[in-house]
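Biologist: I should like to go through the assignments made for this structure and to hear the reasoning behind each. Please set every value against its criterion.

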Amino acid sequence: MMDDAAIWGALPVPGLVLDAEDRIASVNTAAEAFFNVSERALVGQPVWDRLMVDAPMEESFRRARAHGTPLFVNDVDVGTGERAPVQCNLQIGPLGGGSGAMILVISPRELAGRMTKSQSVKSAAQSAIGMAQMLAHEIKNPLAGITGAAQLLSMNLGAEDLEFTDLIVAETRRILKLLEQVEEFGNTKPPAMQPVNLHDVLDRARRSALLGVAAHMRIVEDYDPSLPLAHGDPDQLLQVLLNLIKNAAQAADTEGGTIRLHTYYEHSFQLRRSDGDGQALPLQVEVIDDGPGLPAGLEGDIFDPFVSGRENGTGLGLALVSKIVSDHGGWISVSSTPGRTVFRISLPRAPRASRETD
């Protein structure tokens, strides 16, 4: 029969044993991955110094201890200081024996909630983009004629009237750019998957952004040097990262701010899809900014097509990012509070055969 230690280690969700003073006495393997540190580094530390919960947990623990009954806390944001908070359900219970020891089990809900939503969003997006693509061709032709006519008129106008023709040309070009984004979003070309060094892609994105959209920002690299190769399309992943950096730069004020590019390995991160198939996504890339955060109520819809947190945004940039990550079999999430917004991408490793031939 399997012993208690083996069962504890095999639990697929983070679990912690706390002593009577709410210090960490033991954690399982999933909890080590959740905190991204070893059990040795956690044991003996006050749990509320390492775990940030958007709820009055000290009082909840006191009541559960006093009455010897389990307690369930649902739909709270849980973070560790090193990772963005995720919505979780918490299960708390006394271990018995009169020692005051408690067990805390953390069940992240981030994936379960968004997996169902992402399917309906994807279907709605395909319908919306299909209609937009059908109209795009018909719209682009007359726009080209309008632009040409305005440019011809401007050749015979005085300086005062040129303002109006310049406005016509500028606005038609803006509409053309939007239509091109719609067509790009509807592109069904699959990614050209190959082994990818994510740090090379991040470096390309960083250098390009500093010369353009993020010239007023400070970009900090915080990389795990042992990160293995990812399985993806380097050009499409570059597009994803440029979009996320651009989004962070545009959210900052004119005086700039800091964008942190963070990579790390989380061996227990696995995405289980609605058909039951599971895929390990251990490679984590985070784009973190210290801007004002997403507008209230927008976090759950920010990847939907035509949803934008900016007044003049098209709402296609982050939808395209989500589409590309999904085409890679990966996952993207966001957590945002004023002063800290984290976009996190989770990607698969390159297949073993590909890694061995490189």
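The exchange below takes up the assignments one by one.

Biologist: What kind of model is this, and how many helices and strands does the protein chain have?

Modeller: The model is predicted. Its protein chain has 11 helices and 15 strands. Of the 358 residues, 41% count as buried. Among contacts between residues at least 6 apart in sequence, 63% join residues at least 24 apart.

Biologist: Why is Asp-22 called buried?

Modeller: The relative accessible area of Asp-22 is 12%. The cut-off for buried is under 20%, so Asp-22 is classed as buried.

Biologist: Where does Asp-22 lie, and what is notable about its phi?

Modeller: Asp-22 lies in the loop between strand S1 (15-18) and strand S2 (24-27). Its phi is positive, about 60°, although Asp-22 is not a glycine. Most residues other than glycine have a negative phi. The hairpin of S1 and S2, to which this residue belongs, has five residues between the strands.

Biologist: How do you know that S1 and S2 are paired?

Modeller: Three bridges join S1 to S2, and the two strands run antiparallel. Pairing requires at least two bridges, so the three found here satisfy the criterion. Within this pair, Val-17 has Ser-26 in S2 as its bridge partner.

Biologist: Which sheet holds these two strands, and in what order do its strands run?

Modeller: They belong to an open sheet of six strands, with the order S2-S1-S6-S5-S4-S3 and antiparallel pairing.

Biologist: What makes S2 and S3 edge strands?

Modeller: S2 and strand S3 (52-53) each have a single partner strand, so one side of each is left without a neighbour in the sheet.

Biologist: How many bridges support the pairing of S3 with S4, and of S4 with S5?

Modeller: S3 and strand S4 (residues 71-79) pair in the antiparallel sense over two bridges. The criterion is at least two bridges, so this pair qualifies. Met-52 has Gly-79 in S4 as its bridge partner. Between S4 and strand S5 (residues 86-94), also antiparallel, there are six bridges. Here Leu-71 is partnered by Ile-92 in S5.

Biologist: What links S5 to S6?

Modeller: S5 and strand S6 (residues 102-108) pair over seven bridges in the antiparallel sense. Gln-91 stands opposite Val-105 in S6.

Biologist: Why is the pair of Phe-34 and Phe-35 called edge-to-face?

Modeller: The count of aromatic pairs comes to one. The ring centres of Phe-34 and Phe-35 are 5.8 Å apart and their planes stand at 85°, so the pair is edge-to-face. The cut-offs applied are centres within 6.5 Å and planes over 60 degrees apart. Both Phe-34 and Phe-35 are buried.

Biologist: How many cavities of 30 Å³ or more does the structure hold, and what is the volume of the largest cavity?

Modeller: There is one cavity of 30 Å³ or more. The largest cavity has a volume of about 40 Å³.

Biologist: Which residues line the largest cavity, and to which classes do they belong?

Modeller: The lining consists of Leu-198, Leu-237, Val-240, Leu-241, Val-285, Ile-345 and Leu-347. By class it has seven nonpolar, no polar and no charged residues. Leu, Val and Ile count as nonpolar. Helix H9 (234-251) and strand S15 (340-347) each supply at least two residues of this lining. H9 gives the most, with three residues.

Biologist: Why is Ile-324 called buried, and which residues is it in contact with?

Modeller: Ile-324 has a relative accessible area of 5%, which is under 20%, so it counts as buried. Ile-324 lies in helix H10 (residues 317-327). Leaving aside its neighbours within four places in sequence, Ile-324 is in contact with Gln-236, Gln-239 and Val-240. Val-240 is also one of the residues lining the largest cavity. Ile-324 and Asp-233 are 91 residues apart in sequence and 9.5 Å apart in space, C-alpha to C-alpha.

Biologist: What makes Gln-270 partly exposed?

Modeller: The relative accessibility of Gln-270 is 43%. Partly exposed lies between the cut-offs of 20% and 50%, so Gln-270 takes that label. Gln-270 is in strand S11 (residues 270-272). Its C-alpha atom is separated by 9.4 Å from that of Pro-348, 78 residues apart along the chain.

How values were computed:
Residues are numbered from 1 along each chain as its sequence is written. This is a predicted model: local features need pLDDT of at least 70, side-chain atom pairs count only at pLDDT 80 or more; totals for chains, interfaces and linings use all residues. Side-chain values use heavy atoms; hydrogens and water are left out. Helices (H or I, at least four residues) and strands (E, at least two) are DSSP runs, numbered from the N terminus. Buried means under 20% relative accessible area, exposed over 50%, partly exposed in between (1.4 Å probe, protein chains only). On a 1 Å grid over the protein atoms alone, a cavity is a set of points where a 1.4 Å probe fits but cannot get out, and a pocket is an open set with protein on both sides within 12 Å along at least five of seven lines; lining residues have an atom within 4 Å of a point. Grid points are joined across faces, edges and corners, and a volume is the space filled by probe spheres set on the points. Rings of Phe, Tyr and Trp (its six-membered ring) pair if their centres lie within 6.5 Å; planes under 30 degrees apart count as stacked, over 60 as edge-to-face and the rest as tilted. Contact means heavy atoms within 4.5 Å.
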